[in-house]
Amino acid sequence: TQVEDRSHGMGFEVGGLFGLIILGLDIWAILKIIESGASTGVKVAWILAILLLPILGLILWLVFGRGG
């Protein structure tokens, strides 16, 4: 049971680290969106996408939205 407890703890720490990385990237993306020259409506749409779907919204913005 000690091995299981250690592996569960490791999994939790890795998941927590992944969550922090995603949070940091989402904050960075939102700041970049705010600084961009895009229209207010486009900015609001991208920010909502990132807030509602943190991973997918970030990926979509990186692929489709950075040029705006």
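**Exercise 1.** In this predicted model, find which residues A29 is in contact with, leaving aside its neighbours within four places in sequence.

*Solution.* Begin at A29 and look for heavy atoms within 4.5 Å, which is the cut-off for a contact. Once the neighbours within four places in sequence are set aside, A29 is in contact with I50, L58 and W61. Next, place these residues in a wider group: A29, I50, L58 and W61 belong to the largest nonpolar core, whose seven residues also include I30, I33 and I47. Finally, ask where the core comes from: α1 (2–35), α2 and α3 each supply at least two of its residues, and α1 gives the most, with three.

**Exercise 2.** Describe how helix α2 and helix α3 pack, and which kinds of residue form their contact.

*Solution.* Take the geometry before the residues: α2 (residues 40–52) and α3 (residues 54–65) pack at an angle of about 145°, and their axes are 5 Å apart. Then list the partners, where W46, A49, I50, L51 and L52 in α2 meet P54, G57, L58, L60, W61, F64 and G65 in α3. Sorting the residues of this contact gives 10 nonpolar, two polar and no charged.

**Exercise 3.** Decide which residues of α3 are buried, and explain how they are arranged around the helix.

*Solution.* Buried means under 20% relative accessible area, and in α3 this holds for G57, L58, W61 and G65. Seen down the axis of α3, the buried residues fall within an arc of 100°, so they line one face of the helix. On the other side of α3, V63 and F64 are exposed.

How values were computed
Residues numbered from 1 in each chain as written. Predicted model: local features only at pLDDT ≥ 70, side-chain atom pairs only at ≥ 80, totals over all residues. Heavy atoms only, no water. Axes fitted to C-alpha atoms, helices over the stretch in contact; angles between N-to-C directions. Helix = DSSP H or I, 4+ residues; strand = E, 2+ residues; numbered from the N terminus. Nonpolar A, V, L, I, M, F, W, Y, C, P; charged D, E, K, R; others polar. Core = buried A, V, L, I, M, F, W, Y, C linked by side-chain atoms within 4.5 Å. Buried < 20%, exposed > 50% of the residue type's maximum accessible area, 1.4 Å probe, protein only. Arc of directions from axis to C-beta.
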